[in-house]
Amino acid sequence: MKYETKVLTTKYQKPDAYGALSMPVYYTSAFEFPSAKAMSDAFCGRSMAPSYSRIANPTVTYLEERVRQITGAVSVTALNTGMAAIHYALTAVSAAGLNIVASKHLFGNSVSLIRDTLGAFGVEPRFVDFTDLKAVESQIDDKTCALFFEIITNPQLFVADIKALSEIAHQKGVPLIADTTIVPFSTLHANKFGVDIEVVSSTKYISGGGTGLGGLLIDYGSFDWSQHPSPVLQARTKRVGKKLAFTARVKTELVTNLGSLMTPQAAYMETLGLDTLDIRYRRQAETTLWLAQQCLQISEIKRVNYTGLKDNPFHELSERQFGSLPGAVFTIDLESKEAAWSFIDKLQVIRRATNLFDRKSLAIHPASTIFGLFTPEQRAEMSVAETTVRLSIGLEDGEDLLADIRQALS
């Protein structure tokens, strides 16, 4: 079945007593068992029955199963935020003495997670430009536990060659972990390009209306964990096999010990969001491309950055990987930081907010917000300019958005 049909026909784990067409919200912390044995089987993983909502909840499990069937993954874990998904993915593969080779153009909190949080536990960060394949390869050694990058960086909008990175990673025996938030899995089939582990901020396209926070950790079961330098994952392969060690560690250790499973309320809202994800994304991305093309004609705008534009340096690679609609976000550069702030302050239709891919269009000045706590030198190293405004495009009429941009520049 195609995406649209598959997402609407995923069955519940158990039939609903009332035949509800939408999965009910199981707003409960605990579940009653018919016997002591059934309780033991649930807690020890011998059955699929939920034991406690910190570990599993039927509403959350249904969201996970829908995404699993859509993507063809072996497992999906739904967590409270996109940052939690990144944290779980990198924690599952890392250990003291190992290193993570990561893009130097990551989202600000992803950088600080790797550099500061994991670094404090003895994991070495190695930041490099992922558009330079030779530079990436030169940083990998026998202690490298993962390659981690964003498929299109935020806000620089640099595009990495996913297939080439996959070939390098797998030749070196290293898993490829990708943050694919900027292009949804209804359009991008990341596993076909060789991604082993996919992380998604479901707060964005899937939620769709800024209704809640969420993150998805998707394991395609494509990596041989028996060859991984983590002794914990090597030990797991002896119990569950070389393809499921990562999932086993996430599900039976990290979810239980770190306590960041998605809430049933958020899972319900995101399950509804999946129903209309593809049609919303296509409308938003089409408007984004049209709006970026129109902004090229505005003299006050010094630069328009969107990989869907034919003169963009990443256009050919972007089209090969994501098609003609590479996400619903683009950036503009104005004359100065002061001009950027003035532009944002004058917007009337586009909202001043930090989220991405809401149904409403949003504007932000990345250098003073997302990257505001980095030094000017660090921002320059990450190619984050003071003149840049990021625009996330929603479902409003394109002509109205263009009129708002024009009046804010006048």
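Visitor: Leaving aside neighbours within four places in sequence, which residues is Phe-343 in contact with?

Guide: Contact is counted when heavy atoms lie within 4.5 Å, and by that rule Phe-343 touches Ile-332, Leu-334, Val-389, Leu-391, Ile-405, Ala-408 and Leu-409, its neighbours within four places in sequence being left aside. Before going on, note that this is a predicted model, in which local features need pLDDT of at least 70, side-chain atom pairs count only at pLDDT 80 or more, and totals for chains, interfaces and linings use all residues. Residues are numbered from 1 along each chain as its sequence is written, and side-chain values use heavy atoms, with hydrogens and water left out.

Visitor: Which residues of the largest nonpolar core touch the most other members?

Guide: A nonpolar core is a set of buried Ala, Val, Leu, Ile, Met, Phe, Trp, Tyr and Cys residues joined through side-chain atoms within 4.5 Å, where buried means under 20% relative accessible area, exposed over 50%, and partly exposed in between, with a 1.4 Å probe and protein chains only. Here the largest such core has 124 residues, and those touching the most other members are Phe-148, Leu-274, Phe-330, Phe-343, Leu-391 and Ile-405. Helix H10, residues 264-295, gives the most to this core, with ten residues; helices (H or I, at least four residues) and strands (E, at least two) are DSSP runs, numbered from the N terminus.

Visitor: How many disulfides does a search of the whole structure find?

Guide: A disulfide is a covalent bond between the sulfur atoms of two cysteines. With the cut-off that the cysteine sulfur atoms be within 2.5 Å, the search of the whole structure finds zero. Two cysteines can still be described by their burial: Cys-145 is buried at a relative accessible area of 0%, and Cys-295 is buried at 1%.

Visitor: Which residues have side chains joined in a salt bridge within helix H3, and how many residues apart are they?

Guide: A salt bridge is a side-chain nitrogen of Lys or Arg within 4 Å of a carboxyl oxygen of Asp or Glu, and the count by this rule comes to 15. In helix H3, Arg-68 pairs with Glu-65, the closest N and O atoms being 2.9 Å apart, and the two lie three residues apart, about one turn of the helix. Arg-68 is partly exposed at 28% relative accessible area, and Glu-65 is partly exposed at 24%.

Visitor: In helix H10, are Arg-282 and Asp-278 buried or partly exposed?

Guide: Arg-282 is partly exposed at 38% relative accessibility, whereas Asp-278 is buried at 6%. Their salt bridge has its closest N and O atoms 3.1 Å apart, and the partners sit four residues apart in helix H10, about one turn of the helix. Elsewhere, salt bridges that share partners join Lys-37, Asp-41 and Arg-46 into one network.

Visitor: Where is Glu-124, and which residues is Glu-124 in contact with beyond its neighbours within four places in sequence?

Guide: Glu-124 lies in strand E3, residues 124-128, and, its neighbours within four places in sequence aside, is in contact with Leu-98, Asn-99 and Ile-100. The C-alpha atoms of Glu-124 and Leu-98 are separated by 6.3 Å, although the residues are 26 apart along the chain. Glu-124 also forms a salt bridge with Arg-126, whose closest N and O atoms are 3.1 Å apart; Glu-124 is partly exposed at 38%, while Arg-126 is buried at 17%.
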